[in-house]
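Subject: Structure for you to look at

Hello,

Here is the structure I promised to pass on. Please open it and keep it beside this email while you read.

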Amino acid sequence: MGRQGRIVVPVELRELLGFKEGDRLVARVVDGELRILTFRANLRRIQREIQSEKPADRDLMAEFYAERRRDAAMENDAP
């Protein structure tokens, strides 16, 4: 690590991880480890986590859209 806290990722690791110049990176600490992902890889991780928590017997998006349609109808009926 450099004096200003900069970390250099060796080219072999950048290639393995698919890091490219200009990529937005996300860093987080998990179990005392520093994990660095591209923004897109982090987004996919979050999507997997959300999907695994979704109840199998419910269509949350359909419920959301139905709720929005009800709200819009109430707004249209308001004086």
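Leu-34 counts as partly exposed, because its relative accessibility is 48%, and partly exposed is the range between 20% and 50%. Leu-34 is found in strand 2. One caution before going on: this is a predicted model.

Leu-34 also belongs to a nonpolar patch on the surface. The other members are Met-1, Ile-7, Leu-25, Val-29 and Ile-36. Together the six residues have about 640 Å² of accessible area. Which elements give two or more residues to this patch? They are strand 1 (25-30) and strand 2 (33-38).

**The two strands**

Strand 1 and strand 2 run antiparallel, and 6 bridges join them. They form a hairpin with 2 residues between them. Find Val-30 next. Val-30 stands opposite Glu-33 in strand 2.

Now look at the turn. Asp-31 sits in the loop between strand 1 and strand 2. Asp-31 is not a glycine, yet its phi is positive, at about 50°. Is Asp-31 buried or exposed? Asp-31 counts as exposed, because its relative accessibility is 76% and the cut-off for exposed is over 50%.

Thr-38 is also found in strand 2. Thr-38 is buried, because its relative accessible area is 15% and buried means under 20%. The side chain of Thr-38 reaches the backbone nitrogen of Ala-41 at 3.0 Å.

**Salt bridges**

How many salt bridges does the structure hold? It holds 4. Side chains of opposite charge can pair when their charged atoms come close. Here are three of the bridges, including the closest N to O distance for Arg-58 and Glu-63.

- Arg-35 and Glu-33 meet through their side chains, at 3.3 Å from N to O. Arg-35 is partly exposed at 34% relative accessibility. Glu-33 is partly exposed too, at 43%. Glu-33 is the residue that Val-30 stands opposite.
- Arg-58 pairs with Glu-63, and their closest N and O atoms are 2.7 Å apart. Arg-58 counts as partly exposed at 40% relative accessibility. Glu-63 is partly exposed, with a relative accessible area of 34%.
- Arg-68 pairs with Asp-71, and their closest N and O atoms are 3.4 Å apart. Arg-68 counts as partly exposed at 39% relative accessibility. Asp-71 counts as partly exposed at 27%.

Why are Arg-68 and Asp-71 separated by about one helical turn? Because they are 3 residues apart in helix 3. An α-helix has 3.6 residues a turn, so residues three or four places apart point the same way.

**Helix 3**

Helix 3 covers residues 60-77, which makes 18 residues. Try the length check yourself. The rise is 1.5 Å a residue, so helix 3 should span 26 Å. The expected span uses one less than the number of residues. The end C-alpha atoms of helix 3 are 26 Å apart, which agrees.

Look at the start of helix 3 as well. There, a side-chain oxygen of Asp-59 reaches to within 3.3 Å of the backbone nitrogen of Met-61.

Tyr-65 lies in helix 3. Tyr-65 counts as partly exposed, because its relative accessibility is 45%. How many residues apart in sequence are Tyr-65 and Arg-48? They are 17 residues apart, and their C-alpha atoms are 22 Å apart in space.

**Before helix 1**

Last, go back towards the start of the chain. Val-9 is in the segment before helix 1 (11-17). Val-9 is partly exposed, because its relative accessible area is 23%. Val-9 and Phe-19 are 10 residues apart along the chain. Their C-alpha atoms are separated by 9.4 Å.

**To recap**

Strand 1 and strand 2 form a hairpin, and both give two or more residues to the nonpolar patch. Asp-31, in the turn, has a positive phi. Helix 3 has the span expected of its 18 residues. Within helix 3, Arg-68 and Asp-71 are about one helical turn apart, and they form a salt bridge.

Best wishes

Key: Residues are numbered from 1 along each chain as its sequence is written. This is a predicted model: local features need pLDDT of at least 70, side-chain atom pairs count only at pLDDT 80 or more; totals for chains, interfaces and linings use all residues. Side-chain values use heavy atoms; hydrogens and water are left out. Patches are made of residues with over 30% relative accessible area and no salt bridge: like charges are joined within 9 Å, nonpolar side chains (Val, Leu, Ile, Met, Phe, Trp, Tyr) within 5 Å. Accessible areas come from the Shrake-Rupley method with a 1.4 Å probe; for residues, only the protein chains shown count as cover. Helices (H or I, at least four residues) and strands (E, at least two) are DSSP runs, numbered from the N terminus. Buried means under 20% relative accessible area, exposed over 50%, partly exposed in between (1.4 Å probe, protein chains only). A polar contact is a pair of N or O atoms within 3.5 Å; within protein, one must be able to donate a hydrogen and the other to accept it, and residues adjacent in sequence count only if both atoms are side-chain atoms. Two strands pair if DSSP finds at least two bridges between them.
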